[in-house]
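Q: Please take a close look at one part of this model, the surroundings of ligand 1, and then connect that part to the rest of the chain.

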Amino acid sequence: MQSLTNRSKLVVNKKMTFWERIYLPAIFGGMRITLRHFFKKNKTVNYPEVKRPFSPVYRGMHVLKRDENGAERCTACGLCAVACPAEAISMVAAERKPDQAHLYREEKYAATYEINMLRCIFCGLCEEACPKEAIFLTDRIVPASLEREEFIYGKEKLVEPVDQRIDISLRQIKSYPQ
Ligand code: SF4
Ligand code: SF4
């Protein structure tokens, strides 16, 4: 058949030499390479027991922040969802009741807020779009799972616990250190 490119090569059934036929030089050559690598410093780590340090601006699992009084900062404006190129964010807004002022910072809040981590590409555009400094990406890794439903992260996983705040101080620096 006529070749479409000029990259085709003619196969030549060249007769093997004596040394090629006994394979020993090739075996010893392979063992020499194996031994050389055996005594070199290992470049891999035993994850998850050993973890490499992350960049301070690594983009991992999101956190929905609380303010200094412990109230949720998110006002369900939807800007993060509009900015998200993967359409991974969805939410339902609700109106704050008079006795909920300690729970939600603004009069409108997110009754539900979900991120589909299977869609998310960790670009950080939601973080950039948020006018309330309510959502940030962190250095936490989204755990693996065999169940697709477990990658829909709701407020129970995203909102930071009152007594275990997530430090995002480095991400608030707009000109990130080089
Ligand atoms: S990090 Fe990017 S892809 Fe993920 S939720 Fe935010 S905007 Fe969407
Ligand atoms: S996280 Fe920010 S941008 Fe997204 S809905 Fe809440 S306040 Fe708006």
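A: By class, the shell around ligand 1 holds twelve nonpolar residues, one polar residue and no charged residues, where Ala, Val, Leu, Ile, Met, Phe, Trp, Tyr, Cys and Pro count as nonpolar, Asp, Glu, Lys and Arg as charged, and the others, Gly among them, as polar. Of the 13 residues around this ligand, Cys84, Cys120, Cys123, Leu125 and Cys126 come nearest, a residue being near a molecule if its C-beta atom, placed from the backbone, lies within 6 Å of it.

The model is predicted, so local features need pLDDT of at least 70 and side-chain atom pairs count only at pLDDT 80 or more, whereas totals for chains, interfaces and linings use all residues. Residues are numbered from 1 along each chain as its sequence is written, while chains are lettered from A and ligands numbered from 1 in the order in which they are written.

Two of these cysteines recur around Ile89: leaving aside neighbours within four places in sequence, Ile89 is in contact with Cys80, Ala81, Cys84, Ile115 and Cys126, contact meaning that the C-beta atoms, placed from the backbone, lie within 7 Å. Cys126 and Ile89 are also, with Leu64, Cys74, Cys80 and Ile135, the residues that touch the most other members of the largest nonpolar core, which has 20 residues. Such a core is a set of buried Ala, Val, Leu, Ile, Met, Phe, Trp, Tyr and Cys residues joined through C-beta atoms within 7 Å, and buried means that 20 or more other C-beta atoms lie within 10 Å of the residue's own. β3 gives the most to this core, with four residues.

Strand β2 (residues 89–95) and strand β3 (residues 108–116) pair in the antiparallel sense over seven bridges, strands being DSSP runs of E with at least two residues, numbered from the N terminus, and pairing requiring that DSSP finds at least two bridges. In this pair, Glu95 stands opposite Lys108. On β3, Ile115 has Tyr153 in β5 as its bridge partner, and two bridges join these antiparallel strands.

Ligand 2 offers a companion view: of the 13 residues around it, Cys74, Cys77, Cys80, Cys130 and Ile135 come nearest, and its shell has ten nonpolar, two polar and one charged residues. Cys74, Cys80 and Ile135 are also among the core residues that touch the most other members.

How values were computed:
Buried ≥ 20, exposed ≤ 12 C-beta atoms within 10 Å, placed from the backbone. Contact = placed C-beta atoms within 7 Å.
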